[in-house]
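Thanks for coming. I'll put the structure up and then walk through it part by part.

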Amino acid sequence: MSGSQGNLGALRVLLLENIHPSAHEMFRAAGCEVEALSGALGEEALREKLRGVHILGIRSKTRVTASALSEANDLLALGCFCIGTNQVDLGVANARGVPVFNAPFSNTRSVAELIIAEVVMLARQLGDRIREMHTGEWKKVATGSVEVRGKTLGIVGYGHIGSQVGVLAEAMGMRVVFYDVATRLPMGNNRPLESLEALLEQSDFVTLHVPETPQTRGMMGPSELAKMKNGASLLNASRGTVVDIEALGQILREGKLGGAAVDVFPEEPEANGRGFVTALQNAPNVILTPHIGGSTAEAQASIGREVATSLIRYLDFGSTVGAVNFPQIELGRSVGTHRVINVHRNVPGVLRDINRIVSDLDANIHAQVLGTDANIGYLIMDLEKDVSEAVRQAMSALPTSIRTRTTY
Ligand code: NAI
């Protein structure tokens, strides 16, 4: 295996579910043999197909179970070319020494842009005007239509998406405040607030960008909605469980809130074309979208590049930064060395055995780093070229070793 791109020639990559061509190109440029299938594979078909495959790429529909992995003896790493990783048995992958990578940030900008568009749409009641025009009704009114310049945008959850929204909103002349449970560096003139309550009380638009956690479940319920300014709008493109949809529908119909834009729902249809019902349908000035916040061509291409980059960096250098089920380590490459990479069961005495091998073979270690979790240890070691193969063989033979390889 190689330490330089373009020379991963012995490696077979299997990409399922129409993964973006940006990923194929990167693996081909790295010298890998790529097989791409348009659909997902069932458990049994996947088990068969994984024989001899070194890298597997999937999206959300392929379920990678313990049984699917049971004969994947050559599998080095797995890429989920999407955000979620629930479709993979992460524990089994970990125990087999297979790190799993995903693309948590590739659609950040896409979500932020949708929110900005919707803030303007809500300020101009565009959802209602568009619907009227499509049903043949001409209703030219200015009542309730405002510019967003000078208005206050309150961002709840100032992480990747929230902070991008803050930057874009400020460029449109909005005053931006945010509330986050963690301390976050404010971008531009964005201002942190002490509490959710303070944010709700002063924002003309409240946009939610929190993860789904026990704390965020129902965090916008009847009492929080009641604390919002009269006529303010709520936007949710985070997770459906964060907002009490029934309460939101009611408060909109009562006229307390001015509008809402909702992209995510507590229950979403599994496939396109299915019927969909929500308490928000036909409420005034409400924009409903089918969880498309992050769905753009750029996000898909970016997901392809982001996950392929993580996988190639793992193949080339053993870097596990960004892996969701593995100790995260990275080690700058020492010049003129070979790199031995070892995954082992995290039991007492492993390092003693590895050190004994290194010492018996009189191997000179240039650099090494070890990361552990409850089940495995992950070791990267840069060694003199003449001893690396002997060290790899001896480490590989240890009963505690799960996987050992060398990059040159
Ligand atoms: P992130 O992890 O970068 O940011 C989340 C922020 O929320 C963090 O700063 C965290 O400290 C904060 N937070 C957590 N609990 C909180 C609480 N109780 N109160 C206030 N702040 C809290 O996440 P990212 O990438 O910005 O994503 C945000 C949300 O957007 C996620 O729920 C994600 O699932 C969703 N999302 C939706 C998409 C769509 O298509 N609509 C696409 C991509 C992400």
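First, a definition: a residue is called buried under 20% relative accessible area, exposed over 50%, and partly exposed in between, with a 1.4 Å probe and protein chains only. Take Gln-368 as a case: at 39% relative accessibility, Gln-368 counts as partly exposed. What you see is a predicted model, in which local features need pLDDT of at least 70, side-chain atom pairs count only at pLDDT 80 or more, and totals for chains, interfaces and linings use all residues. Residues are numbered from 1 along each chain as its sequence is written, and side-chain values use heavy atoms, with hydrogens and water left out.

Now the chain as a whole. Of its 408 residues, 50% count as buried. The C-alpha trace spans about 85 × 45 × 35 Å along its principal axes. There are 13 helices and 16 strands. Helices (H or I, at least four residues) and strands (E, at least two) are DSSP runs, numbered from the N terminus.

On to domains, whose bounds come from an automatic or database domain assignment. The chain is divided into domain 1 (1-106 + 298-326), domain 2 (108-288) and domain 3 (327-408). Between domain 2 and domain 3, the C-alpha centres lie 51 Å apart.

Which residues are closest to the ligand? They are His-160, Ile-161, Asp-180, Arg-184 and Val-210, out of 25 that surround the ligand. A residue is taken as near a molecule or strand if one of its heavy atoms lies within 4 Å of it. By type, this shell divides into 11 nonpolar, 10 polar and four charged residues. Here Ala, Val, Leu, Ile, Met, Phe, Trp, Tyr, Cys and Pro count as nonpolar, Asp, Glu, Lys and Arg as charged, and the others, Gly among them, as polar.

For polar contacts, the rule is a pair of N or O atoms within 3.5 Å; within protein, one must be able to donate a hydrogen and the other to accept it, and residues adjacent in sequence count only if both atoms are side-chain atoms. An N or O atom in the side chain of Asp-180 is 2.6 Å from an oxygen atom of the ligand. From the backbone, a polar atom of Gly-159 is 3.5 Å from a ligand oxygen, and an N or O atom of Ala-237 lies 3.1 Å from a ligand nitrogen. On its own the ligand has 870 Å² of accessible area, and the protein covers 83% of that. Those areas come from the Shrake-Rupley method with a 1.4 Å probe; for residues, only the protein chains shown count as cover.

Next, the core. A nonpolar core is a set of buried Ala, Val, Leu, Ile, Met, Phe, Trp, Tyr and Cys residues joined through side-chain atoms within 4.5 Å. The largest one has 33 residues, and those with the most contacts inside it are Phe-27, Phe-81, Leu-311 and Tyr-378. At least two residues each are supplied by β1 (12-15), α1 (21-29), α11 (297-317), β13 (337-345) and β15 (376-384). Which element gives the most to this core? That is α11, with seven residues. Domain 1 and domain 3 each provide at least three residues of this core.

A few positions are worth finding on the screen. Glu-306 lies in helix α11 and, at 21% relative accessibility, counts as partly exposed. Its C-alpha atom is 8.4 Å from that of Ala-23, although the two are 283 residues apart along the chain. Ile-376 is in strand β15 and counts as buried, at 1%. From Ile-376 to Ser-401 it is 25 residues in sequence and 9.5 Å in space, C-alpha to C-alpha. Gln-368, our case from the start, is found in strand β14 (residues 365-372); its C-alpha atom and that of Leu-383, 15 residues apart along the chain, are separated by 8.9 Å.

Last, some loops. Gln-125, in the loop between α5 (108-123) and α6 (126-134), has a positive phi near 55 degrees without being a glycine. Gln-125 is buried, at 18% relative accessibility. The loop between β12 (286-288) and α11 holds His-291, which is also not a glycine and has a positive phi, near 50 degrees. His-291 is partly exposed, at 39%. Thr-296 is also placed in the loop between β12 and α11, and is partly exposed at 27%. The C-alpha atoms of Thr-296 and Val-111 are separated by 9.2 Å, with these positions 185 residues apart along the chain.
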